[in-house]
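Reader: Hello! I am new to this structure and would love a close look at one part of it, the place where the ligands sit.

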Amino acid sequence: MIVILRPGISKKEEAQVLSEIKKLGYRPHVMRGVERTVVGAIGDERSHQSLEVLTSWPQVERVMPVQQRYKLVSREAQKSNSIITVRGVPIGGKKFQVMAGPCSVEDERQLLQTAHAVKKAGATILRGGAFKPRTSPYEFQGLGLKGLKLLGKARAETGLAIITELLSEQHADLVAQYADIIQIGARNAQNFQLLIAAAKTGKPVLLKRGLSMKIEEWLLAGEYILSNNNPNLMFCERGIRTFETYTRNTLDLSTIPIIKKESHCPIIIDPSQGAGRADLVIAMCKGAVAMGADGLLIEVHPNPAEAWSDGAQQLTFDGFARLMEDLQPFIAAAGRE
Ligand code: PEP
Ligand code: MN
C-alpha cells in the first residue's frame with residue numbers, strides 16, 4: 001500500500017502514522033519529496049489488516065493499493081489464455097464458440113427441436129434454464145429436475161454439451177450431474193456461498209456480470225471460483241443497468257478488452273439479455289466477435305412469441321441460422337475459426 005501524507009504535518013504527526021503502519025504489521029518506507037511525503041507500506045494485505053483505516057486520519061491524504069485485490073484470475077498469475085475444454089469443445093482458444101438454446105426449458109419437443117436446430121447451424125453448446133431466476137414469483141420458475149432430465153436427453157441425442165443455471169446451493173450436486181457448464185446468473189453473481197458451491201462441483205463455471213456490478217467486483221467474484229480449486233472459469237457480460245430504457249440492459253462491450261487485459265479467463269457475450277430485443281442481437285454479436293470475445297450465449301426458441309420467458313429477445317431457428325452465417329467473415333477477420 002502507498003500512504004500519501006498531507007503537506008505541512010509535523011514530525012510528531014508523521015511519526016504517529018508510521019507507528020500505526022508498523023502496528024498493523026507493515027514495514028514503512030518513507031519517501032520525502034519537495035511538497036509531500038509518501039510512505040510505502042510493505043507487507044501483504046491478504047495476511048494483514050487493511051491500511052484503509054488510515055484514510056480517516058487527519059495526517060493522511062490518500063491510501064492507495066499497489067497490488068490488485070484479485071490474484072488467481074489475473075493476467076499476472078497466468079500470461080497465457082486459459083482454454084477450458086468441455087466435452088471436447090475448447091473455449092478460450094482459437095476456435096470461437098457459440099452456446100445457444102432457449103431461455104427456459106419448456107417441454108421435450110421445444111428443447112429437442114431447438115437443440116437439433118442450433119447444432120445444425122453450428123452451435124457447440126446447448127443452453128437452457130431449468131431453474132429460472134424470475135423477478136416476479138408469479139412468473140414461470142422453470143421445470144427444475146424435469147428440465148435437467150430433458151437437457152440430459154438433448155445431450156444424449158445431439159452430443160451437444162449443456163450449460164444451465166445453478167440458482168441455489170442446495171441444488172449444486174443435482175445441477176452438476178446434468179450440466180457440463182454451470183451458469184451463475186446476474187442476480188447471483190455476488191452470492192459468494194453459491195459461487196463456492198459451484199466451484200466445488202468441479203464443473204466449469206460461467207459467471208454472468210451482475211446488473212450493477214463493477215468490473216473489479218466481477219473479477220473478485222471470479223476469484224471465488226479459482227480460489228476454491230476450480231480453474232475453469234469464464235466471464236459472461238450480459239448488460240448492466242443504466243438510465244437507458246431503449247434496450248433491456250446496456251451491453252458493455254468494453255468488458256471484452258478489459259477482461260482480456262486483466263484476466264486469462266475466457267469472456268463470453270450474451271447479447272440476448274444484453275439487448276432484450278431479437279432485432280439487435282446480430283449487431284451486438286458482430287461487435288463482440290470483432291472486439292475479441294471468445295464466444296456467445298444466445299437465446300433461440302422455436303416460436304419466440306409463445307416462449308414462457310424472455311420472448312422478445314429470443315431468435316427463431318431461421319434467425320439463428322442467418323446469424324451464424326453472417327458472423328463467419330467477422331470470426332475470420334478476428335483471427336478465429
Ligand atoms: C438467462 O440466461 O436466461 C438469464 C436469466 O440470465 P441473467 O442471469 O444474465 O439475467
Ligand atoms: Mn433469459
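Author: Happy to help; here is a walk through the ligand sites. This is a predicted model, in which local features need pLDDT of at least 70, side-chain atom pairs count only at pLDDT 80 or more, and totals for chains, interfaces and linings use all residues. Residues are numbered from 1 along each chain as its sequence is written, chains are lettered from A and ligands numbered from 1 in the order in which they are written, and side-chain values use heavy atoms, leaving out hydrogens and water.

Let us start with ligand 1. Around it stand 13 residues, the closest being Arg127, Ala186, Arg187, Lys208 and Arg238 (a residue is near if one of its heavy atoms lies within 4 Å). That shell divides into 3 nonpolar, 3 polar and 7 charged residues (Asp, Glu, Lys and Arg count as charged). Polar side-chain atoms of Arg127 and Lys208 each lie 2.8 Å from an oxygen atom of ligand 1, and one of Lys132 lies 2.9 Å from an oxygen atom of the ligand. The protein covers 97% of the 300 Å² of accessible area that ligand 1 has on its own (Shrake-Rupley method, 1.4 Å probe).

Next comes ligand 2, a manganese ion coordinated by Cys103 (SG), Glu299 (OE) and Asp310 (OD) at 2.1 to 2.5 Å (donors are N, O and S atoms within 2.8 Å of the metal, or 3.2 Å for Na, K and Ca). Along the chain, these donors follow the spacing C-x195-E-x10-D.

How values were computed:
A polar contact is a pair of N or O atoms within 3.5 Å; within protein, one must be able to donate a hydrogen and the other to accept it, and residues adjacent in sequence count only if both atoms are side-chain atoms.
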